[in-house]
Amino acid sequence: MNVAKFTPIDNEKIVERYLRYMDDLKAPVLCAVRETDIRFETTAIRVVDHRILHLRMMNSVLSPTSLRDRTEATKSQRIDVSYHAHDILIFAATKLVKAHKDGISLEVERPIYKLQRREHLRVKPERDIVCRATLAFPEEKRFEDHTPYDVSAGGFSLLVTQAEAEAFRIGQEFKLVSFRFGPNEVMLQATVKNKVPIKGPRKVSIKVGFLVKAMPAALEREISRYAYLSTQKILGRRI
């Protein structure tokens, strides 16, 4: 696990406080068995103290006992866990100590690590979600039905050609943005925040970033949840 960018936490009381967020917030906890391709989601049943976690396995093809058997067979009982508490991503190395009927028990190793986010999580929409944006220019021109390059609870970006990018100015306001994310389709107001060149294999495109003003709460929650789960999956492949 690469911890160079993360802040270590070794104080027992602080470690226990961060672990209890797992239970209080009922956040999904992504588990990755080290040195294997085994990945699965859990939720906290109970956090005993700064050392022991009881987790319930969710939507997994593995049962707690089959997980135990596979870790014993591969001699890899080390499990990296990661979860989100408010604007903090938390990572911990653990050891499987027991598999029982409703889940697993893990022993937490110190230190644990946290990554403080200063902005919304931003992810590229995958094929599992419909995400489209249409912008109306003041001169009755429209930038039609474009798939955002990435999206967050605070805004989105579009990947355009260099010629198309000339129509967008930093600070430019769009008062009519038709935005669809999954089942949610709303009208938004957005401001051009930046323009960044993206070099591809054959050409240079421009990523135009937009800051959304007063994003509806339901849409913000939906995007935040999608971004969080997508990020956890990515982290699960890396830790």
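Just after helix α1, Lys26 takes a positive phi of about 50°, and I should say at once that this is a predicted model, so please keep that in mind as we go through the two helices, the core and the cysteines.

Let us step back into α1 itself, which runs over residues 12-25. With 14 residues at 1.5 Å a residue, the helix should span 20 Å, and because its end C-alpha atoms are indeed 20 Å apart, the expected value and the one in the model agree. At the start of α1, a side-chain oxygen of Asn11 comes to within 3.0 Å of the backbone nitrogen of Lys13.

Which residues of α1 are buried? They are Val15, Tyr18, Leu19, Met22 and Asp23, and since they cover an arc of only 160° around the axis, they lie on the same side of the helix. It helps to remember here that an α-helix has 3.6 residues a turn, so residues three or four places apart point the same way. On the face turned away from that buried side, α1 carries the exposed residues Lys13 and Asp24.

Helix α2, residues 64-74, can be read in a similar manner, for its buried residues are Pro64, Leu67 and Thr71. These cover an arc of only 60° around the axis, which again puts them on the same side of their helix. If you ask what covers the buried residues of α2, the answer includes the strands β2 (29-33), β3 (39-47), β4 (52-58), β6 (88-100) and β7 (103-108). The helix is followed by Lys75, whose phi is positive, near 55°.

Now to the core. In soluble globular proteins, nonpolar side chains tend to be buried together. In this model the largest nonpolar core has 67 residues, and those with the most contacts inside it are Phe156, Phe168, Phe179 and Phe210. The element that gives the most to this core is β6, with seven residues.

Take Phe168 as an example, and leave aside its neighbours within four places in sequence: Phe168 is then in contact with Leu135, Phe137, Phe143, Val160, Phe174, Val192, Lys195, Val208 and Phe210.

Finally, the cysteines. How many disulfides does the structure hold? The count is zero. As for where two of the cysteines sit, Cys31 counts as buried because its relative accessibility is 0%, and Cys131, at 4% relative accessibility, counts as buried as well, since the cut-off for that word is under 20%.

How values were computed: Residues are numbered from 1 along each chain as its sequence is written. This is a predicted model: local features need pLDDT of at least 70, side-chain atom pairs count only at pLDDT 80 or more; totals for chains, interfaces and linings use all residues. Side-chain values use heavy atoms; hydrogens and water are left out. A disulfide is a pair of cysteine sulfur atoms within 2.5 Å. Buried means under 20% relative accessible area, exposed over 50%, partly exposed in between (1.4 Å probe, protein chains only). Helices (H or I, at least four residues) and strands (E, at least two) are DSSP runs, numbered from the N terminus. The expected span of a helix is 1.5 Å times one less than its number of residues. The arc is that of the directions from the helix axis to the C-beta atoms. A polar contact is a pair of N or O atoms within 3.5 Å; within protein, one must be able to donate a hydrogen and the other to accept it, and residues adjacent in sequence count only if both atoms are side-chain atoms. Contact means heavy atoms within 4.5 Å. A nonpolar core is a set of buried Ala, Val, Leu, Ile, Met, Phe, Trp, Tyr and Cys residues joined through side-chain atoms within 4.5 Å.
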